[in-house]
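Student: Before we use any labels for this molecule, could you show it to me and explain how each label is earned?

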Amino acid sequence: MIGPVVIALNSPHSFWALGESHLAWLRSEFPGLDVRAVADDELPGALACAEVYFGWRFEPHWLPQAPRLKWIATPAAGTDHLPVEEVTRSGSVLTRSYGFHGQPMAEHAMGMILAFSRGLLVSSRLQRTRRWWKGELAAEFFDLVGATMLIVGCGSVGTHLAAMGRTFGMNVIGVRRTLPEGPRAGIDWVPAARWRHALPVADVVVNLLPATAQTTRTFDASAFASFKAGSVFVNLGRGATVDHAALLAALDSGRLRGAGLDVTDPRPLPRRHPLRKHPRVLLTPKTGVFSRRYMDSAVRFFADNMHSYLAGLPLRGTAEAIHLIPTEGPS
């Protein structure tokens with residue numbers, strides 16, 4: 001019998017919050033466990049006797065208050081908002097979740113790509129002041145069939161996006177540190193050490209990099225200078241992986257046709273930041289992972305890991321396994 005399992009998955013958005021049905025299902029799935037759902041203000045005290053914690057946030061100063069804590073789980077795909085090093089030093093394990101973020105994020109990325117390829121962003125802007133703007137769109141659109149999409153940080157989310165891109169007739173290049181074995185899934189894989197060599201052939205570049213010390217400002221001035229003229233940049237990874245001054249310069253120079261940004265650094269951007277009102281920027285407030293099915297999938301992922309935990313088997317998504325893509329200097 002293990003100690004209490006404390007869950008704090010609270011959110012103003014219902015699809016990111018643990019519901020009564022989720023709690024009831026977990027208790028039925030693990031009848032021998034003491035599964036407790038707590039409010040955020042109850043969390044530090046509830047951790048005092050917890051062995052397992054499942055939640056959105058965890059502060060490093062909570063660790064001394066949780067001497068029995070062995071496993072911290074988050075439904076998020078990234079862990080840059082969590083104290084990974086402190087948790088590891090304490091002897092506990094921290095796991096992220098994956099697999100269910102891919103579909104909504106791929107849909108979001110394709111929505112942004114279509115906004116540029118079909119001239120939807122330009123049309124939305126011109127409809128306010130023009131009676132007719134067909135000529136402008138004739139000069140603006142580009143075909144996705146035969147276009148090349150480069151996905152930097154092509155893990156679970158990237159493979160979802162690659163499949164979606166191929167349904168539009170796109171060629172897909174995937175970049176990651178450890179190239180997958182077996183079938184190539186319609187993706188031309190490129191090792192991370194050569195990712196910049198693929199930039200000049202890409203019509204669309206999608207950034208899915210996590211935030212690490214190695215990936216900070218990966219997309220800098222020299223990277224944007226290697227982009228194909230008239231290409232589109234989409235960032236659904238982390239804002240810190242992009243030099244926003246360099247991005248702005250690439251947009252202003254015409255090197256980039258447009259940029260779709262679901263993440264920025266800082267977040268949110270200051271009201272007067274030039275990217276906010278740039279005519280070639282589509283900005284969304286970190287909504288790429290919005291899904292009505294999110295918590296259902298997150299709870300199932302956690303339950304699968306809990307079965308492994310109880311059986312003494314390795315857990316999926318351990319924090320040290322997330323740093324898949326390194327950056328590298330100019331080639």
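Tutor: Let us begin with accessibility: a residue counts as buried under 20% relative accessible area, as exposed over 50%, and as partly exposed in between. Please keep in mind that this is a predicted model.

Student: Why is arginine 130 called partly exposed?

Tutor: Arginine 130 has a relative accessibility of 38%, and because partly exposed covers the values between 20% and 50%, that is the class arginine 130 receives. Its partner in a salt bridge, glutamate 136, is partly exposed as well, at 29%.

Student: What makes the pair of glutamate 136 and arginine 130 a salt bridge?

Tutor: The closest N and O atoms of the two residues are 2.3 Å apart, and since the cut-off is 4 Å, the pair qualifies as a salt bridge. A search of the whole structure finds ten salt bridges.

Student: How do you know that aspartate 220 and arginine 196 form a salt bridge, and is arginine 196 buried or exposed?

Tutor: Their closest N and O atoms lie 3.4 Å apart, which is within the limit of 4 Å; this pair links distant parts of the chain, the two residues being 24 residues apart. Arginine 196 has 7% relative accessibility, and because buried means under 20%, arginine 196 counts as buried.

Student: Why are helices H4 and H7 called oblique to each other?

Tutor: The axes of H4 (residues 102-117) and H7 (residues 156-167) cross at roughly 50 degrees, a value outside the ranges under 35, from 65 to 115 and over 145 degrees, and therefore the two helices are oblique. Their crossing is right-handed.

Note on methods. Residues numbered from 1 in each chain as written. Predicted model: local features only at pLDDT ≥ 70, side-chain atom pairs only at ≥ 80, totals over all residues. Heavy atoms only, no water. Axes fitted to C-alpha atoms, helices over the stretch in contact; angles between N-to-C directions. Helix = DSSP H or I, 4+ residues; strand = E, 2+ residues; numbered from the N terminus. Left-handed = near helix turned anticlockwise from the far one by under 90°. Salt bridge = Lys/Arg side-chain N within 4 Å of Asp/Glu carboxyl O. Buried < 20%, exposed > 50% of the residue type's maximum accessible area, 1.4 Å probe, protein only.
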